[in-house]
Amino acid sequence: GNLTTNLDRQTHKARIHVIFLALIKDATGQIVNKVRREIDREVPEEKLEQFRRGQIIFTSPFEAAEGRYAIETAVIDPEGGRASTKRLSLVAPRPGAPVVSSIAVVHKLDPLEAPRDPGNPLEFAGGKVLPELAQTTKAKAGTALFFVVYPEMNGGKPAAGKPRVVVELFRDGKPVSRSEPDPGSPDEVNSFPMIYSSQLPPGDYVARVTAEQSGRVSHESTSVTVSQ
């Protein structure tokens with residue numbers, strides 16, 4: 001809705017033009033990867049307001065060695081001469097240790113239109129996850145969290161037994177719910193993609209996922225806002 005969408009009165013079409021940029025830097029500040037995507041299209045005048053009320057969600061997987069990274073991102077509105085920036089931190093864990101991925105609030109789950117890309121952590125047998133970057137959901141729609149549990153590896157093979165997974169929700173520091181979902185069977189890349197759904201009243205929450213295997217524990221948390 002904040003993009004500049006100039007309307008051509010002769011063709012009755014508007015231009016939607018936006019550029020996504022991201023620089024991935026290691027702990028020394030060196031650029032180790034870049035991501036760029038440009039969207040430039042025309043939409044009919046009668047559909048312009050529908051587009052302006054929508055969202056543009058862009059995902060691009062990349063590989064990173066063990067370590068800490070900073071991701072510097074920018075969204076550019078060329079027509080309006082404006083830009084918005086954000087800086088994120090990322091930790092790539094040591095290979096082989098049991099670990100929980102970042103927790104994504106699910107905006108939408110699309111069916112796969114082609115065989116799953118094992119290199120894309122947002123794709124799994126159940127579909128392709130489009131994350132809700134604002135970490136906000138609506139009470140009526142319910143709250144769905146997506147995360148991946150990576151088991152302990154020994155010599156390139158999963159350790160015996162499945163990891164124990166615990167999902168907890170807190171509000172104002174007080175526990176709201178606690179569940180131990182079954183991670184199921186590992187997929188073709190020996191990971192456990194999981195979606196956890198809950199019906200929550202409006203409010204601000206913290207979701208925490210814990211994975212435990214062979215006496216080793218990994219935690220991941222995120223904030224979630226549930227609106228009316």
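Reader: Between which strands is the loop that holds Ser 191?
Author: First, a heads-up: this is a predicted model, where local features need pLDDT of at least 70, side-chain atom pairs count only at pLDDT 80 or more, and totals for chains, interfaces and linings use all residues. Residues are numbered from 1 along each chain as its sequence is written, while side-chain values use heavy atoms, with hydrogens and water left out. Strands here are DSSP runs of E, at least two residues, numbered from the N terminus. Ser 191's loop joins strand 15 (174–179) and strand 16.

Reader: Is Ser 191 buried or exposed?
Author: Go by relative accessible area: buried is under 20%, exposed is over 50%, and partly exposed is in between (1.4 Å probe, protein chains only). Ser 191 has neighbours such as Val 148, Tyr 150 and Pro 186 among its contacts (heavy atoms within 4.5 Å), not counting residues up to four places away in sequence. Because its relative accessibility is 3%, Ser 191 counts as buried.

Reader: How much of the chain is made of buried residues?
Author: Picture the whole chain to start with: its C-alpha trace spans about 65 × 45 × 35 Å along the principal axes. Its secondary structure comes to one helix (a DSSP run of H or I, at least four residues) and 18 strands. Of the 228 residues, the buried portion is 35%.

Reader: Which strand gives the largest share of the largest nonpolar core?
Author: A nonpolar core is a set of buried Ala, Val, Leu, Ile, Met, Phe, Trp, Tyr and Cys residues joined through side-chain atoms within 4.5 Å. This one has 20 residues, and those touching the most other members are Leu 145, Phe 147, Val 149, Val 165 and Val 209. Two or more residues each come from strand 11 (143–150), strand 14 (164–171), strand 16 (192–198), strand 17 (203–213) and strand 18 (216–227). The largest share, four residues, belongs to strand 17.

Reader: What does Val 165 touch?
Author: Leave out residues up to four places away in sequence, as this list does. Then Val 165 is in contact with Phe 147, Val 149, Ser 179, Glu 180, Pro 181, Pro 183, Met 194, Val 209 and Thr 210.

Reader: How many residues does the other core have?
Author: This core lies apart from the largest one. Phe 124, Val 129, Phe 146 and Val 148 are among its members, and its total is seven residues.

Reader: What share of contacts between residues at least 6 apart joins residues at least 24 apart?
Author: Start with the contacts in the chain that link residues at least 6 apart in sequence. Of these, the share joining residues at least 24 apart is 62%.

Reader: What is the phi of Ser 214?
Author: Most residues other than glycine have a negative phi. Ser 214 sits in the loop between strand 17 and strand 18, and counts as exposed because its relative accessibility is 53%. Its phi is positive, near 55°.

Reader: Which loop holds Asp 172?
Author: Asp 172 also has a positive phi, near 55°, in a residue other than glycine. With 69% relative accessibility, Asp 172 counts as exposed. Its loop runs between strand 14 and strand 15.

Reader: How far apart are the C-alpha atoms of Asp 8 and Leu 90?
Author: Asp 8 lies in strand 1 (residues 7–8) and counts as partly exposed because its relative accessibility is 35%. Along the chain, Asp 8 and Leu 90 are 82 residues apart. Between their C-alpha atoms, the separation is 42 Å.
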